[in-house]
Amino acid sequence: MNMGWYKRRLAKSLWVFHVSASPCNNCDIEILDLLTPRYDVERFGIKLVGSVRHADVLLLSGVINEKVAPKVRRLYEQAPKPVFVVGVGTCPTSGCCFKNSYNTVARREDIIPIDMYIPGCPPKPEAMIEAIAKLMGVLNA
Amino acid sequence: MSGLTLVYLLVFPGFLFTAVLGLVVGWVDRKVSARFQFRVGPPLFQNFNDFFKLLGKETILVKDGLHWLFVAAPLVAFGMLVLVSAMVGSALFFHSGYGGDLIVVMYLLMVYSIMVILGGSSTGNVFSSLGAGREIKLLLGDELAFILVCLVPIVKSGYKLRLDELLASQAGAGPFIGSVSGIIAFLIGLLCIQAKMALAPFHIPEAETEIVEGPLMEYSGPLLAFWKLNRFMMYVIFPFLLILLFFGGFRLEGWGILWAVLKYLLIVVLMIIIKNTNPRVRIDQAIRFFWKIAAPLAFIAVILAVLGV
């Protein structure tokens, strides 16, 4: 199978799974807003799935702390490849105000390879749509 | 197996025709559902993109699961649906009683449900097992009503079982929907189909919000693609079966083509409207509905058909 052709199919059909890695719930609420009829991400082929086995994109929200780190790692390993990880919010991007906390993991990259960051505390749904569109652009190139 | 049989099975009206039409009608379903919610909805080739994307993804076998059953279930279910589509389609389009009768169709459709149950329970996942259990209960609920519904055209055609003979007797005496028993049986049949396809309000086995797609939860990659394709093929098979049983089939010449499309779209749009305007019922409500309301009504329809009404 032609890889470019396959990646264009993949870009048009990104199924999203929501990984909540000790967030403050703020980004989660914005992700729920993103999936409402108002923003209608189904027109890009994006669909929220409940099982990580169906996922193409893991939306990771929250700074990863020591307690959830093994579970986040396991979720990533359970996802069928190719899978992309999008860090939503300032927490996966920089650690936010929890950066020097006693139970925050030192290097998030060791737990899960994040392909794309969406800064903002929380980012607006429009920003998340833009990020997914950029991911599509990478796949289509 | 002769060459013509292979063409019937694999190209028209079997696998290729049913799959392509099913994926397009699946898009109609998603688009109309989107318009119900004042959304724009997905593009035309969305279901094709989903299918080809899933074909290229990794398949993960669950460590504690029964691997051969896990792999075989979606493929056997797919095979059953291809057989049913070839049988129903060749009766509708070529008026040939190829392969079997209505009882074989009912059996094959039941094997499909059993494959969902086996596939779901082969993983060892709790949610999958829950979904499989719910599928068993729903099958127990809708099967009686569905068989009674299928009895009505058999009785009205003078106890014919072959699909082409059912069509022939409707060509002589007018479609069965034109009688009281036909209308009752058609409406009950529509709801049974809703349950057999696991559409709302009977999407109890794979309730996404509580047991995350139930039997399909552990499936990934090509096997999931086949489950999704099965679902879309049923968007063709069940409306065609209802058209065959109650609407007198297709007449593919002149205005007959328009009527054929309208009959098909009528049933599909009715299904989509029922799907979009009803919340999910509980499993006990579903079984109570099928055993206490749908099955007695279908039984009354059978008696009316025997009396000739």
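**Two predicted chains: values and definitions**

Mentor: The accessible surface of chain A is about 6,700 Å², and 56% of it belongs to carbon and sulfur atoms. Accessible areas come from the Shrake-Rupley method with a 1.4 Å probe, and for residues only the protein chains shown count as cover. This is a predicted model, in which local features need pLDDT of at least 70 and side-chain atom pairs count only at pLDDT 80 or more, while totals for chains, interfaces and linings use all residues. Residues are numbered from 1 along each chain as its sequence is written, chains are lettered from A and ligands numbered from 1 in the order in which they are written, and side-chain values use heavy atoms, with hydrogens and water left out.

Trainee: What area does chain B expose, and which share do carbon and sulfur atoms supply?

Mentor: Chain B exposes about 12,500 Å², with 74% supplied by carbon and sulfur atoms.

Trainee: How many helices and strands does chain A have, and in which order do its elements run?

Mentor: Chain A has 6 helices and 5 strands. Helices (H or I, at least four residues) and strands (E, at least two) are DSSP runs, numbered from the N terminus. Read from that end, the order in chain A is α-β-α-β-β-α-β-α-α-β-α.

Trainee: What makes up the secondary structure of chain B?

Mentor: Chain B has 12 helices and 0 strands. From the N terminus on, its elements therefore run α-α-α-α-α-α-α-α-α-α-α-α, given that helices and strands are numbered from that end.

Trainee: Why is chain B called as compact as a globular protein of that length?

Mentor: The radius of gyration is taken over C-alpha atoms, and the globule rule is 2.2 Å times the number of residues to the power 0.38. For 309 residues this rule gives 19 Å, and chain B has a radius of gyration of 19 Å, so chain B is as compact as a globular protein of that length. Its C-alpha atoms fill a box of roughly 55 × 45 × 45 Å along the principal axes.

Trainee: How do you know what a compact globule of 141 residues would have as its radius of gyration, and what does chain A have?

Mentor: A compact globule with 141 residues would have a radius near 14 Å; chain A has 15 Å, which agrees. The C-alpha atoms of chain A fill a box of roughly 45 × 35 × 25 Å, taken along the principal axes.

Trainee: Why is B:N230 called buried?

Mentor: Buried means under 20% relative accessible area, exposed over 50%, and partly exposed in between (1.4 Å probe, protein chains only). B:N230 has 0% relative accessibility, so it counts as buried. B:N230 is in helix α10 (residues 222-246) of chain B. Apart from neighbours within four places in sequence, B:N230 is in contact (heavy atoms within 4.5 Å) with B:P74, B:A77, B:F78, B:L81 and B:Y112.

Trainee: Is B:M106 buried or exposed, and what is its relative accessible area?

Mentor: The relative accessible area of B:M106 is 12%, so B:M106 is buried. B:M106 is placed in helix α5 (residues 102-121) of chain B. Not counting residues up to four places away in sequence, B:M106 touches B:F146, B:I147 and B:C150.

Trainee: What makes B:Q194 count as buried?

Mentor: Its relative accessibility is 0%, and B:Q194 therefore counts as buried. B:Q194 is found in helix α8 (residues 180-196) of chain B. Although B:Q194 and B:M271 are 77 residues apart in sequence, they are 7.0 Å apart in space, C-alpha to C-alpha. B:M271 is also one of the residues that B:Q194 touches.

Trainee: Which percentage of the residues of each chain counts as buried?

Mentor: In chain B, 57% of the 309 residues count as buried. In chain A, buried residues make up 50% of the 141 residues.

Trainee: How many residues does the contact take from each chain, and what area do the chains bury?

Mentor: The contact takes 25 residues from chain A and 27 residues from chain B. Together the chains bury about 2,300 Å², with 54% on carbon and sulfur atoms. Among the chain A residues, A:E42, A:R53 and A:H54 lose the most area to chain B, together 28% of what that side buries. Buried area is the accessible area (1.4 Å probe) that two parts lose on being put together, summed over both.
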